[in-house]
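Me: I've got a new model open and would like to practise reading it feature by feature. Can you walk me through it?

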Amino acid sequence: MYEDFMKVAQESMKPMLKMAENNTAMAVKLMKAQADTAAEMMQGNLAHLQALAATKDLNAAVEMQQKYVEAVNEKLVAVARDNAGVIEAAMTEAGKIFEGSLAEVQAQAKKAAETMEKEISKASKKAA
């Protein structure tokens, strides 16, 4: 009986473990993207400041600054889009896990109901 209980407990934990793995993978992807983006932004900022410091013409410096701001904005939009894609993929996977576990619970409930129906039928035949 104890072994049956442990088996049922392990089976019922599988969806939660899959969700934890899914969430961990998503977090790792997002953290790696954040670290890569931060490093890239710092390097780009340093290069931009060096180029600005070397520029003597005020108009050229203003133009460089505008281009840099536009490039940073494009980079941030791209990163946000990539992060949204990672989150969307994780949510889709979570939905699949939930649907699978829901179908499994429904199948178990149906099987239990059928078993109970058979037992009730047997008991009523014996009583008659």
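Reply: Sure. Let's start with a residue and its element: Met16 sits in helix H1, which covers residues 2-54. Keep in mind that this is a predicted model.

Me: Which residues make up the nonpolar patch on the surface, and how much accessible area do they have together?

Reply: The patch consists of Met13, Met16 and Leu17, and their accessible area adds up to about 290 Å². On spacing, here's the general idea: an α-helix has 3.6 residues a turn, so residues three or four places apart point the same way.

Me: On to H2. What length does the helix reach, and what would be expected at 1.5 Å a residue?

Reply: H2 runs over residues 58-127, 70 residues in total. From first C-alpha to last it reaches 102 Å, close to the expected 104 Å.

Me: What happens at the start of H2?

Reply: Look at Asp57 there: one of its side-chain oxygens comes to within 3.4 Å of the backbone nitrogen of Asn59.

Me: Which residues of H2 are buried?

Reply: Go along the helix and you'll pick up Ala61, Tyr68, Val72 and Val79, then Ala90, Ala94, Ile97 and Ser101.

Me: Now charges. How many salt bridges does the structure hold?

Reply: The general idea is that side chains of opposite charge can pair when their charged atoms come close. In this model there are three salt bridges. Take Asp36 with Lys32: their closest N and O atoms are 2.9 Å apart. Both residues lie in H1, four residues apart, or about one turn of the helix.

Me: Are those two buried or exposed?

Reply: Lys32 is exposed, at 53% relative accessible area. Asp36 has 41%, so it counts as partly exposed.

Me: Which residue pairs with Lys67?

Reply: Glu63 does, with the closest N and O atoms 3.2 Å apart. This pair is four residues apart in H2, so about one helical turn separates Lys67 from Glu63. Lys67 is exposed at 52%, while Glu63 is partly exposed at 43%.

Me: And what about Lys75: which residue does it bridge to?

Reply: Lys75 pairs with Glu40, the closest N and O atoms being 3.3 Å apart. Lys75 belongs to H2 and Glu40 to H1, so this salt bridge ties together parts that are 35 residues apart in sequence.

Me: How accessible are Lys75 and Glu40?

Reply: Lys75 is partly exposed, with 25% relative accessible area. Glu40 is partly exposed too, with 43%.

Technical notes:
Residues are numbered from 1 along each chain as its sequence is written. This is a predicted model: local features need pLDDT of at least 70, side-chain atom pairs count only at pLDDT 80 or more; totals for chains, interfaces and linings use all residues. Side-chain values use heavy atoms; hydrogens and water are left out. Patches are made of residues with over 30% relative accessible area and no salt bridge: like charges are joined within 9 Å, nonpolar side chains (Val, Leu, Ile, Met, Phe, Trp, Tyr) within 5 Å. Accessible areas come from the Shrake-Rupley method with a 1.4 Å probe; for residues, only the protein chains shown count as cover. A salt bridge is a side-chain nitrogen of Lys or Arg within 4 Å of a carboxyl oxygen of Asp or Glu. Helices (H or I, at least four residues) and strands (E, at least two) are DSSP runs, numbered from the N terminus. The expected span of a helix is 1.5 Å times one less than its number of residues. Buried means under 20% relative accessible area, exposed over 50%, partly exposed in between (1.4 Å probe, protein chains only). A polar contact is a pair of N or O atoms within 3.5 Å; within protein, one must be able to donate a hydrogen and the other to accept it, and residues adjacent in sequence count only if both atoms are side-chain atoms.
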